[in-house]
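User: Please take a close look at one part of this model, the second largest pocket, and set it against the chain as a whole.

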Amino acid sequence: MLSTVTRRPLPTLPNIKHLLRFRNPIARAMSTFEVLPASELNDGQLKEVEVGGGKILLSKLNGKVYATSATCTHYGAPLAKGVLSNSGRVVCPWHGACFNVKSGDIEDGPGLDALHSYKAEIKDGKIVVTADEEKLKSKTGRLPCKVSQTSFTSSPRVVIVGGGAGAIHTIESLREHGFAGAITVLSSEEYPPIDRTKISKALIGDAQKLLWRDENTLKGNLGVELRLGTQVAKVDTTLKTVTTSEGEQVKYDTLVLATGGWPRKLPVDGVDLKHIHVVRRVDHGKALDSDLQEGKHVVIVGSSFISMEVAVAASKRTLASLTVVGMEEYPFEAVLGKEVGAGLKKFHESQGVRFIPKQTVERFEPSSSDSSAIGAVILKDGTRLPADVAVLGIGVAPQTAFLKESGFNLEQDQSLSVDKFLKVKGQQDVFAVGDIATYPQKGLGEPRRIEHWNVASNHGRAVGQTIAGKPQPFEKVPIFWSAQGQQLRYVGVGAGYDEVHIDGNLDELNFVAYYAKQGKIVAVASMQRDPIVSKTAELLRLDKMPSLQEIKGGKDPLTVDIASAA
């Protein structure tokens, strides 16, 4: 017989940090805590509290209380500082990962793990939470796989070509939504899927430090046949086979193409000289890190996200010179506009970066001491820049050459046109995600191809759910971020905006920039103003974003209520 729990009144304190804990003497792992007077949690509110040596996130919706783990499973952001909507969806304040507070389930990347969910109720005017103490103290989330290892079957078979963000999120989503069939990944890379963003931001050259999941988890817990270092040469959609470069044929019932993009190279002389780098794979980061030695002259070609992240990392080294050559007047100008670009340029110049705007490269010149290595960058106007190291950050091209040879119809930019479910048009049982997919972005009325790994991640989540039998069109509002001294965050698709409104101080990199098209806000960028981008993402998704006129009139998006009952 279970012993009776004796309730004692909570101590009267300004903030409740002293918690009463009651143990079930039989199920010793579970403990019950009185965590807060119910009156201290309002409807639509998020609150973090310390419990049993850990932290939990409390939330209240329509009078019902919920409890989950307190931090985002991506990079550990405090979810109490995020954004809650009435559906139970909470958005991370940093990078836009979404979870459901009612279940702890993950709804959008970039995180992979779900939150731990705990029983929460109101008793005698107090919020009472019952939880496993080990989970309370855990630094990790919950593997979202809802298929037991003993339930995995050999068919139907999903084959994923590619091993990046789109691939890993497709796998996770398939298992989360109950797909028990076979999953085979054919990846040209020599390691499981990695957090690729850290290569350009921190020049990390060790794949083990970047893994989303290790091989044991992928193979054992998620039942994935992982074929690393495998090049794909051909797809036969009639026979439903994928042929590797070694001639092996792999059969599929459903095919997911997630090959990503490959860094573009300039079509100029000398581009293949030693010490000219692109940034995508782990070995790229390792080689660049090794080259950025004291006293070196470094030239970065391109002034958008990857280039400027490398500039941040390189500026921390003791270099002879660090120069960025861009086609635009200001870095990020095509996406963020002149004003924000000028503010970011000023920051980078304060870190020792020299900019040469509105210029292109004529050729790369070999070194006088080593004809196989770079010695200078020659610009179109004849300017000669000494260079021991060069980095090309000029965008990526879809890795789809093998598909053209397999009879797929490619767009002018060599991408694949897909429908709202990310199914390749004109093909049966074939999906495409990430950098290679031109898809109908919700709210735009026109197809887009967006080169950002978080878009690929959420493409994979939508496709996994669809293949698992729960059709899910891709409706995510894109969220990007970049390390630029402070964290730059961006949400929406601002291409073609006709007006930008700045709130804040660009010199201090503390601002919100609202991008509008015909008075309708289509994108927002910010630095040091969290969680404005996460809130905007939800407002855009729910079609509740204030107009530009309202913003100019003083309307704060953070005050728009989306957590109360509709």
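Analyst: What follows describes the pocket, then the chain, then one residue in a helix.

The model is predicted. The second largest pocket holds about 610 Å³ of space. Its lining is made up of 29 residues, and those closest to the centre are C72, T73, K139, T140 and G141. Two elements give two or more residues each to this lining, namely strand β4 (54-61) and helix α1 (133-137). Of the elements, α1 contributes the most, with 3 residues. By residue class, the lining of this pocket splits into 9 nonpolar, 11 polar and 9 charged residues.

The chain around it contains 11 helices and 37 strands. Its C-alpha atoms fill a box of roughly 85 × 60 × 45 Å along the principal axes. The radius of gyration is 25 Å, which agrees with the value near 24 Å for a compact globule of 566 residues. Of those 566 residues, 55% count as buried. Among contacts between residues at least 6 apart in sequence, 59% join residues at least 24 apart. The chain exposes about 24,200 Å², and carbon and sulfur atoms supply 46% of that area.

One residue can be followed in detail. V282 belongs to helix α5, which covers residues 282-291. V282 counts as buried because its relative accessibility is 6%, under the 20% cut-off. Leaving aside residues up to four places away in sequence, V282 touches Y191, I194, I199, I204, G205, D206, A207 and L210. From V282 to E48 the separation is 234 residues in sequence and 37 Å in space, C-alpha to C-alpha.

Terms used
Residues numbered from 1 in each chain as written. Predicted model: local features only at pLDDT ≥ 70, side-chain atom pairs only at ≥ 80, totals over all residues. Heavy atoms only, no water. 1 Å grid on protein atoms, 1.4 Å probe; cavity = no way out; pocket = protein on both sides within 12 Å on 5 of 7 lines; lining within 4 Å. Points joined across faces, edges and corners; volume = space filled by probe spheres on them. Helix = DSSP H or I, 4+ residues; strand = E, 2+ residues; numbered from the N terminus. Nonpolar A, V, L, I, M, F, W, Y, C, P; charged D, E, K, R; others polar. Buried < 20%, exposed > 50% of the residue type's maximum accessible area, 1.4 Å probe, protein only. Contact = heavy atoms within 4.5 Å. Rg over C-alpha atoms; globule rule 2.2 N^0.38 Å. Areas by Shrake-Rupley, 256 points an atom, 1.4 Å probe, with all protein chains shown as cover.
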